[in-house]
Amino acid sequence: MRLYCARWWCTVRVFWCCTQLIAQLLQEVDAQNLLTSFEIAHGYIYPPSVTVAEGEVLQLRLLVPMQEGDRCFYREPGSPTDIEVNGIDDDAPEPGPSRRPTKMARRIGDQECSIRVSPVHQRDAGFWRLTLVRDADRVRGVTMVDVIERPAVPEIGMGGTGISSLEEISPDRTEYCFVLRQGATATASEGAMHGASSVPMYERCHLPLSETDPTGAGMWSVIAGVQGQMREMTYGIHIENKEEQIVTSVHKETDYHVLTCHLLYTKLMLKFCRFVRLTDGFGLNVIPGVGTPRYGYLGRGFERNECGLEIIGPEGLDRGTWKCLLGYGDATLTKVSGAIVDNSDTSPPLAIVGLDEHVTAQNGTMASLLCNANKPIDYCWFRGPHGQFYTLSESLTAEGRDGGHQHWYSGIALALGECGITFATMLDAEHAGRWHCYVGSGHVSALEVSAAFEVRISRTQMIAQVDRVEAAVDFPALIGCDSIPRGTPLQYCRFVTPTGEAFSLNENVTNERPVLGRFYSNPNHNLAKGSCSLVIATVRAEDFGEWICAGKIEGHPMEHIYGVVLHDRNEKTDGEVVPEATGETLSAASISGMVIGAIAVVGGAVGVGYWQFRKRLHRQAAATNHEIQMATIESTEGARSERVDQRISIGSSGSDSSSQTSRHNLQATTL
């Protein structure tokens, strides 16, 4: 037991002595050893890694103060030899082999083991090592050096051309940046004008736009600090106000065509792309990586806002006009724009296409009028039935219109040739009648192109194409009405005749199964398309008058009605047959022509009569002369006969009577 206690006591004594020795050693090391200082504990060399531009100066140092008698060495990347760093700016050649010319590696100061390398080249990239030698102790530090190309001023706005405020204006590897408007008045010191008191932008330069300066158009100065270079970069930029636009292009080869739409001057990115062939409305959802045997995507990607349609073996309809529709935005916003792409072999003239010549609307409601062109247009406008002028632009929207405007632009874009006007309230007294729309494109022609159409407005949601239908007895007639908006399905429709008879129509009422033997549904119209149309097989006299067309639109609690008059085209007024109205009047030129024609006819008739009269007188005179000659001959022969034979007296008597008659006729003719 005593032996065991002695051993235990000795162990404790030894442990205590060791602890004291270790504590003393630690105190001495803390005071003297180079490896226990705060700086050394956080890295022997500073900086541990560095990126420097080619041509700049590289500076490295050990975080250990040098004492008298210490020596400093460096080792270049790829070199197996340490080279001693001589004194400050020592012009003496460096001992040992080195790839670096004299005066390229120098000490920074006499208090640190450090090195300055000037200038830096691409071959200096790699691991550099510094070694501090103090007696038998050595402290080494290694740093990674990355040598980059010298930053250059961005090639933006070169040659006096302006750039958009959305384009990148930052140089490569930007660390901080100031963007200042040139010519701005400095209210503080000169340093404030150069951005000394301004808040710098981090890692990227952008224009400081505001409500008072939303576009940033004009001249600006950029001051940027870039990675690897101590000197700041300063350059000027010219900003132009460029709105979002789609630039189109067509590339044609013998066996394929490429139609491209490129969205420019926007921060948003493409979400979808659609191409539509205007000839037949054939559409394609153009997706990168997806295609058909004849169509496919071709371009630099939606990330670059580019959409291209490749047509392999283009056929007849492919060689025409297309539309591209681009949807773009972010997580909270989606916008749609488009453009016309002309793939025709010949360029057609500017024209208005797809115009609805009969527009219907309900009184007091919102309605739109459309007038689209086959080419991109610069502007468009409408003229109302009473001479009103309505000018439009894409910026005139329902959200952005002023309080005084009751209309705005409707359509995707003028670049698509789309021109539409939407009225907040359509009024019968103001908007019903004949309208004209006009489109203009300075790239095509200085002349505008126009078209006319009719606008009809009803008090209900049912309306007919005409208020009066002309018909005749024993002939068929057609009466109908349509829903507003056009194409809205009808649950049912019915008619009421002028005599008060009422009946409904559906697809089962056909010409083989007519109502009342004479009325049936028009097979070219149906309720699903909002059309209610009646065929009268044989019109009777009691059919003339006002008809009521009624229909119930799906989702509406009540039906809507409209009145149509069936008029007898042969109706007589004041004993005369009233001809069918043609809607036209005789012009002054027509009346003049008719008068001249009548004068010519009358003059011709008078001339012909006078000629016939002269001809008849000539015949009568010739006949009279012949009778006189015959009477003279007969008288001579009669006298001779009396002397020969007194028994012949009849001829003499007849000759005298004839002579007297002839003389009387001759006197009448002479008169």
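A note before we start: domain bounds here come from an automatic or database domain assignment, and the model is a predicted one.

**Exercise 1. Place the second largest pocket relative to the domains.**

Solution, step by step:

1. Start with the space itself: the second largest pocket holds about 390 Å³.
2. Next, look at its wall. The lining has 17 residues, and those nearest the centre are V52, V57, L58, Q59 and M230.
3. Now bring in the elements. Two or more lining residues come from each of β2 (49–53) and β3 (58–65), with β2 giving the most, four residues.
4. Sort the lining by class: seven residues are nonpolar, seven polar and three charged.
5. Finally, compare with the domains. Domain 1 (39–84 + 103–148) and domain 2 (174–181 + 197–239) each contribute to the lining, so the second largest pocket lies between them.

**Exercise 2. Describe the largest pocket and find the element that gives most to its lining.**

Solution, step by step:

1. Begin with the volume, which is about 1,000 Å³ for the largest pocket.
2. Then find the middle: 40 residues line the largest pocket, and E243, E244, Q245, S337 and E394 are the closest to its centre.
3. Check which elements give two or more residues to this lining; they are β15 (245–252) and β22 (334–342).
4. Here is the element we were after: β22 supplies the largest share, nine residues.
5. To finish, the classes of the lining residues are 20 nonpolar, twelve polar and eight charged.

**Exercise 3. Take three of the disulfides and work out the handedness of each, what it connects and whether its cysteines are buried.**

Solution, step by step:

1. The structure has eight disulfides in total. One of them joins C72 to C113, with an S to S distance of 1.9 Å. At 75° about the S-S bond, this link is right-handed. Strand β4 (residues 71–75) holds C72 and strand β7 (residues 112–117) holds C113, so the pair ties together parts 41 residues apart in sequence. C72 and C113 are buried.
2. Move on to C261 and C324, joined at S to S 2.0 Å. The torsion about their S-S bond is about -105°, so this disulfide is left-handed. C261 sits in strand β16 (residues 256–264) and C324 in strand β21 (residues 321–329), 63 residues apart. Both cysteines, C261 and C324, are buried.
3. Last comes the disulfide of C273 and C307, whose sulfur atoms are 1.9 Å apart. With -85° about the S-S bond, the link is left-handed. It connects strand β17 (residues 269–277), home of C273, with strand β20 (residues 306–312), home of C307, and the two cysteines are 34 residues apart. C273 and C307 are buried too.

Methods
Residues numbered from 1 in each chain as written. Predicted model: local features only at pLDDT ≥ 70, side-chain atom pairs only at ≥ 80, totals over all residues. Heavy atoms only, no water. 1 Å grid on protein atoms, 1.4 Å probe; cavity = no way out; pocket = protein on both sides within 12 Å on 5 of 7 lines; lining within 4 Å. Points joined across faces, edges and corners; volume = space filled by probe spheres on them. Nonpolar A, V, L, I, M, F, W, Y, C, P; charged D, E, K, R; others polar. Disulfide = S-S within 2.5 Å. Buried < 20%, exposed > 50% of the residue type's maximum accessible area, 1.4 Å probe, protein only.
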